[in-house]
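Open the model in your viewer and keep the selection box at hand. The stops below run from the whole chain to single residues.

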Amino acid sequence: MKIAGLLSLLLISALSFSQGKTQAEYDQMLDKEYDKSVPFIQPQELYKKILNGQKMHLLDTREGREFEVSAIKGAIHVGFLFFSRRKVESISKDDLVIVYCTIGARSETIGNRLKKHGFQNVYNLYGGIIQWVNEGLPVYKNNKKTEAVHVYSKKWGQWLNKGKGQY
């Protein structure tokens, strides 16, 4: 009986490990990365707004090589290291602006910069593109759906449970 119990425990452990990190673990990691200075929008809420055609500006704050792998449809690449106000000067400061990156940390920084420049309606995509894809939402490359996601590094790639991570 002890052997059967041990085998069951090993099987459960192996199945849990093979399924990747849990949402609770991801949430804990994100909590350490965010200072929560920019309000969040959840992926499903953003997806509904996109499907409903709501007017917004979706800004991808990742670097060019990341954006080239895939992005959320309709996103405008503004980058992180070389972000400047000139990239958003045509956006009304009252418009809805959603920022995102791989996990939401760099986009939170850009969101804060936008707020300091007078933007009133800025939200950060909770969990970034990793959370977006993990929830089964689509990403695109050249207007075609893709499974590829640039996950920035192996450290962050471990959190991608769906899609195909690239570095």
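**The whole chain**

Start with everything displayed. Residues 24 or more positions apart account for 70% of the contacts in the protein with a separation of 6 or more. This is a predicted model. Color by secondary structure: there are 7 helices and 9 strands. Then color by accessibility. Of the 167 residues in the protein, 43% are buried. Turn on the surface. The accessible surface comes to about 9,700 Å², and carbon and sulfur atoms hold 53% of it.

**Helix H3**

Select residues 43–51, which form helix H3. Show side chains for Pro 43, Leu 46 and Lys 49, which are buried. Now look down the axis of H3. The buried residues fall within an arc of 125°, so they line one face of the helix. What do the buried residues of H3 pack against? Add strand E1 (40–41), strand E2 (57–60), strand E4 (96–100), strand E5 (121–125) and helix H6 (128–134) to the view; these are the partners. Turn to the face of H3 that points away from its buried side. Exposed Lys 48 and Leu 51 are there. Step just past H3 to Gly 53, where phi is positive, about 70°.

**The largest nonpolar core**

Keep Leu 46 selected and add Tyr 100, Ile 130 and Trp 132. Of the 28 residues in the largest nonpolar core, these four touch the most other members. Which elements give two or more residues to this core? They are helix H2 (23–33), E4 and H6. H6 gives the most, with 4 residues. In soluble globular proteins, nonpolar side chains tend to be buried together.

Center on Tyr 100. Leave aside its neighbours within four places in sequence. Its contacts then include Leu 58, Leu 59, Asp 60, Thr 61 and Arg 62. Ala 71, Ile 72 and Ala 75 are also among them. So are Ser 107, Asn 124, Leu 125 and Ile 129.

Next, select Val 38, Leu 114, Phe 119 and Val 122. These belong to a second, separate core of 12 residues.

**Helix H2**

Select 23–33, helix H2. Its buried residues are Tyr 26, Met 29 and Leu 30. They cover an arc of only 100° around the axis, which puts them on the same side of H2. Bring in H6 and H7, which are among the elements that cover these buried residues. Rotate to the other side of H2 for exposed Gln 28 and Lys 32.

**Arg 106**

Move to helix H5 (residues 105–116) and pick Arg 106. Is Arg 106 buried or exposed? Its relative accessible area is 13%, and buried means under 20%, so Arg 106 counts as buried. Show what surrounds Arg 106, not counting residues up to four places away in sequence. It touches Thr 61, Arg 62, Glu 63, Glu 66, Phe 80, Cys 101 and Tyr 152. Draw a C-alpha to C-alpha distance to Leu 81. Arg 106 and Leu 81 are 25 residues apart in sequence and 9.5 Å apart in space.

**Two loops with positive phi**

Follow the contact from Arg 106 to Tyr 152. Tyr 152 is in the loop between strand E8 (148–150) and helix H7 (154–157). Its phi is positive, about 75°, although it is not a glycine. Tyr 152 is partly exposed, at 39% relative accessibility.

Now select Asn 143, in the loop between strand E6 (139–141) and strand E7 (144–146). Here too a residue other than glycine has a positive phi, near 65°. Asn 143 counts as exposed, at 64% relative accessibility.

**Aromatic rings**

Show the aromatic side chains. The structure holds 5 aromatic pairs. One of them joins Tyr 34 and Phe 40; it is tilted, with 4.8 Å centre to centre and 50° between the planes. Tyr 34 is buried, with a relative accessible area of 7%, while Phe 40 is partly exposed at 27%. Add Tyr 126 to the selection: Tyr 34, Phe 40 and Tyr 126 form one aromatic cluster.

**Charges over rings**

Finish with two lysines. Which ring does the charged end of Lys 73 sit over? Tyr 140 is the partner, with 4.8 Å to the ring centre. Then select Lys 21 and Trp 159. Lys 21 lies over the face of Trp 159, at 5.4 Å from the ring centre.

Definitions and conventions
Residues numbered from 1 in each chain as written. Predicted model: local features only at pLDDT ≥ 70, side-chain atom pairs only at ≥ 80, totals over all residues. Heavy atoms only, no water. Phe/Tyr/Trp six-rings, centres within 6.5 Å; stacked < 30°, edge-to-face > 60°. Buried < 20%, exposed > 50% of the residue type's maximum accessible area, 1.4 Å probe, protein only. Lys NZ or Arg CZ within 6 Å of the ring centre and 35° of its normal. Contact = heavy atoms within 4.5 Å. Areas by Shrake-Rupley, 256 points an atom, 1.4 Å probe, with all protein chains shown as cover. Arc of directions from axis to C-beta. Core = buried A, V, L, I, M, F, W, Y, C linked by side-chain atoms within 4.5 Å.
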